[in-house]
Amino acid sequence: MSVLTRDEAQTRAQLLAVHRYTIELDLTGGDETFDSRTLIRFDARVDGDTFVELKPAELRSVTLDGHPLDPEALDGNRLALPNLTAGEHELRVDARMRYSRTGEGMHRFTDPTDNETYVYTQLFMDDVQRVFAAFDQPDLKAVFELSVKAPQDWTVLANGVTEQVDGVWKAAPTPLISTYLVAVAAGPWHSVRTEHRGLPFGLHCRRSLAPHLDADADELLDITRACYDRYHEKFDEPYPFDSYDQAFVPEFNAGAMENPGLVTFRDEFVYRSAVTDTERQTRAMVIAHEMAHMWFGDLVTLKWWDDIWLNESFAEYMGYQTLTEATRFTDTWTDFGVTRKSWGYDADQRPSTHPVAPEAVDDTASALLNFDGISYAKGASALRQLVAWLGEKDFLAGINTHFARHKFANATLADFIDNLAGATDRDVHAWADAWLRTTGVDTLTPRVTTGENGTCALTVDRAGSRPHRIAAGLYDRDLGDDGGQLVRRERLHLDLPQTDAHPIGKRPALLLLNDGDLTYAKVRFDPESFETVRKELSGLPEPLTRAVVWNALRDAVRDGELAPGAYLETARAHLPLETDLAIVQGVLAFASAYITDRYLTPEERPAALATLSDLCRDLIRRTEDGDNPGLRLIAVRHRIDVAAHPDTIAAWLADGTVPGGPELDPELRWRVLARLAVLGATDEAAIAAELERDPSATGQEGAARCRAALPDPEAKARAWQAMFGSDDLSNYLFTATARGFWQPEQADLVREYVGRYYADAVAVADRRGPAIADAAGRWAFPAHAVDADTLRLGEECLRDADPIPALRRKLVDQLDDLARALRVQGVGEN
């Protein structure tokens, strides 16, 4: 299959003006394929040659202006359209297309709970070609008119309002949108419908999840309405589509997709087990993020994929900011600081880093790799810094100019910056060059000098080149009756680079750069402040301040400046006193996934697990009064994950509850069983019994993970065969199996598979494509095998095996993380 290059897209955009697609889909033809008939009306501006893209199971017929073309002329995914003459044209394509089991194209899923079947599209980047023929590039916008024949008891959702006429569902024609934004979701949906400001709103999920959607429908709709209203206060352009449906779909690869009028979400967001309020906040942020795309991405669309950040960074920033302003979730930036910024910082320090706005992305395969922590978290951080520098009034004025000039059309970075520059006297072009065209993370280090009279001055040393507007927090110890607290004396606002030292009076107990987390940079501490952090971190008054400190400690471990054991000691001392759920979850996740599993040696790991177990036990004891069920749930989850002995968690499973609560819901039961499998304290009979108790799709994934985690050679062989020896696993079952397979406790048992991994991963990626390649590189990689041999084998694979781009990118990142872990282990040993 050929990937589309930027040059080819520019050439085709100069030749063609595409007006309308009329698409007929027939979903009644069986489990493997569906019928797709497409009529494309377009103009050629001049005489010339071009091509249309599709990936059919069978291409039945093609006619251009009534004249048949040879279906055998299809070359990979391209059908040549030679000798076009200037003027109007009609292209008709009749094809049979394959359903997907990997979340790409038209994904088909049968719910094991009730045997109901659902299909939905995910057409991002170049997967529209798996569903219908298209001139598949974002700047050839057109009107799309869909009709869908479906089984009698199904409902069909699409970008526009749908109605059933004579057994066929017809969708209202769309405004001008890009090919990758077309959406269909069909099946026996459970739906909750309402209206807001005259616009139809809908929530949709599988029937088996109906009680769980109904339980949260008011919350979901309240958030949707609040965000909708707030965006209409911010944006001059009204919502540009005829309805707003949100469908929670199975086995979805992303968090969500911003299809105009029909946003699709992974249906794990329909919670069937207990969750924390921070997890509800995350779901709400995704709702806000996707709605922001209706303007930035859907109304105004990038011209080519080098500007993907214009979609994702904007939606990421606006999602967090709008949620803070419009809903009960008023502390979203703490969660962003803990979970999202670390994603960006990590990505930006790997060899695969790239600018937020790359100068050029050569083709669609390269573009797909840029959906990462840089395009989302770093880009959103840059926009947050831009708003701090410009002021929100000028920022929104520029945004609204951008919408007005480019609505239902396409725009570039240059257009965006010009529109912002027109709203301010500041040099936005220079800012963009410094922030959007460069890579890497600046590091800010305070230097405190003391004068003759005992007063101090602050200078900030900057390793990097970007300008920063930051706050520096000066914290003194509370000398009152309570003690144990740090009180902010002052928050200085600084523009970097600095010209003169800033007087700060007496030396504070803690001097914290980037207090408030308004910029994107690593921060360090002066020696006195570092001692205060180690001893008094939990005494800081604001969660966002503590999040900045925890991020700084995380960076220091990764950079080899703080021993991983010291991070654990700090967590052990201060996390039992933490009140913010995002911080507790983030620190425990880093401590378990990185400190214990990668950054400490195998000999050090048991003591580290014991430390984390004790920490979780303290949190469980602290929440016995029931005042903080979210904190208790986090502690219980992590207590299960770090259990070194089975007795306690096996008793919880047998009793169906943790003493004092919570009761073990399906998520916790599978979590316990997975850990018991790792420890060799369960067997196939227990897994089968649990699956009979919970035969849902999530139960199937839980069973696959548990079976792969059993410390048994035959179990490992079966799991490996399922992942790499056949192509039967869906994307979700592949991931579940991979997550169970590698366990640090089983290093000797799976040692032979480390050497097999690279060749088998390359082969399965070649066969099954980018989605499975991503899963194989992310979840099936032997991340626990922190040694020189694993690194050497991976480097040989990159050099000699030519993995497809999606897998190559994942391997580059994993190997860089592996090399970092080796360096950090060396720090811990010194």
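This text goes through a predicted model of one protein, from its overall form to a helix, some charged pairs and a single loop residue.

The protein has 830 residues, and a compact globule of that length would have a radius of gyration near 28 Å. The value for this model is 27 Å, which agrees with that expectation. Taken along the principal axes, the box filled by the C-alpha atoms is roughly 90 × 70 × 55 Å. Within the chain there are 26 helices and 28 strands. Of the 830 residues, 59% count as buried. The accessible surface comes to about 30,600 Å², and 48% of this surface belongs to carbon and sulfur atoms.

The contacts show how the chain is folded back on itself in sequence terms. Taking contacts between residues at least 6 apart in sequence, 72% join residues at least 24 apart.

One helix can serve as an example of a single element. Helix α14 covers residues 581–599 and has a kink of about 30 degrees, centred on A591. Is this helix enclosed or open to the outside? Of its 19 residues, 14 are buried, so α14 is largely enclosed by the rest of the structure. At the N-terminal end of α14, D580 acts as a cap: one of its side-chain oxygens lies 3.0 Å from the backbone nitrogen of A582.

Charged side chains come next. Side chains of opposite charge can pair when their charged atoms come close. The structure holds 75 salt bridges. One of them joins R108 and D31, with the closest N and O atoms 3.1 Å apart. This pair links distant parts of the chain, since R108 is in strand β8 (residues 105–110) and D31 is in the loop between β1 and β2, 77 residues away. The two partners differ in their surroundings: R108 counts as buried because its relative accessibility is 10%, under the 20% cut-off. D31, at 48% relative accessibility, counts as partly exposed.

R491 takes part in salt bridges with D515 and with E542. For R491 and D515, the N to O distance is 3.3 Å. R491 lies in strand β25 (residues 486–496), while D515 lies in the loop between β27 and β28, so this salt bridge ties together parts that are 24 residues apart in sequence. D515 is buried, with a relative accessible area of 2%, whereas R491 is partly exposed at 28%.

For R491 and E542, the N to O distance is 3.6 Å. E542 sits in the loop between α11 and α12, so its pairing with R491 in β25 ties together parts that are 51 residues apart in sequence. E542 is partly exposed, with a relative accessible area of 30%. Elsewhere, salt bridges that share partners join R230, E233, K234, E325 and E392 into one network.

The last stop is K506, in the loop between β26 (502–505) and β27. Is K506 buried or exposed? K506 counts as exposed because its relative accessibility is 53%, over the 50% cut-off. Which residues does K506 touch, not counting those up to four places away in sequence? They are C456, D476 and R489. Y475 is 31 residues from K506 along the chain, and the C-alpha atoms of the two are separated by 11 Å.

How values were computed. Residues are numbered from 1 along each chain as its sequence is written. This is a predicted model: local features need pLDDT of at least 70, side-chain atom pairs count only at pLDDT 80 or more; totals for chains, interfaces and linings use all residues. Side-chain values use heavy atoms; hydrogens and water are left out. The bend at a residue is the angle between axes fitted to the seven residues ending there and the seven starting there. Helices (H or I, at least four residues) and strands (E, at least two) are DSSP runs, numbered from the N terminus. Buried means under 20% relative accessible area, exposed over 50%, partly exposed in between (1.4 Å probe, protein chains only). A polar contact is a pair of N or O atoms within 3.5 Å; within protein, one must be able to donate a hydrogen and the other to accept it, and residues adjacent in sequence count only if both atoms are side-chain atoms. A salt bridge is a side-chain nitrogen of Lys or Arg within 4 Å of a carboxyl oxygen of Asp or Glu. The radius of gyration is taken over C-alpha atoms; the globule rule is 2.2 Å times the number of residues to the power 0.38. Contact means heavy atoms within 4.5 Å. Accessible areas come from the Shrake-Rupley method with a 1.4 Å probe; for residues, only the protein chains shown count as cover.
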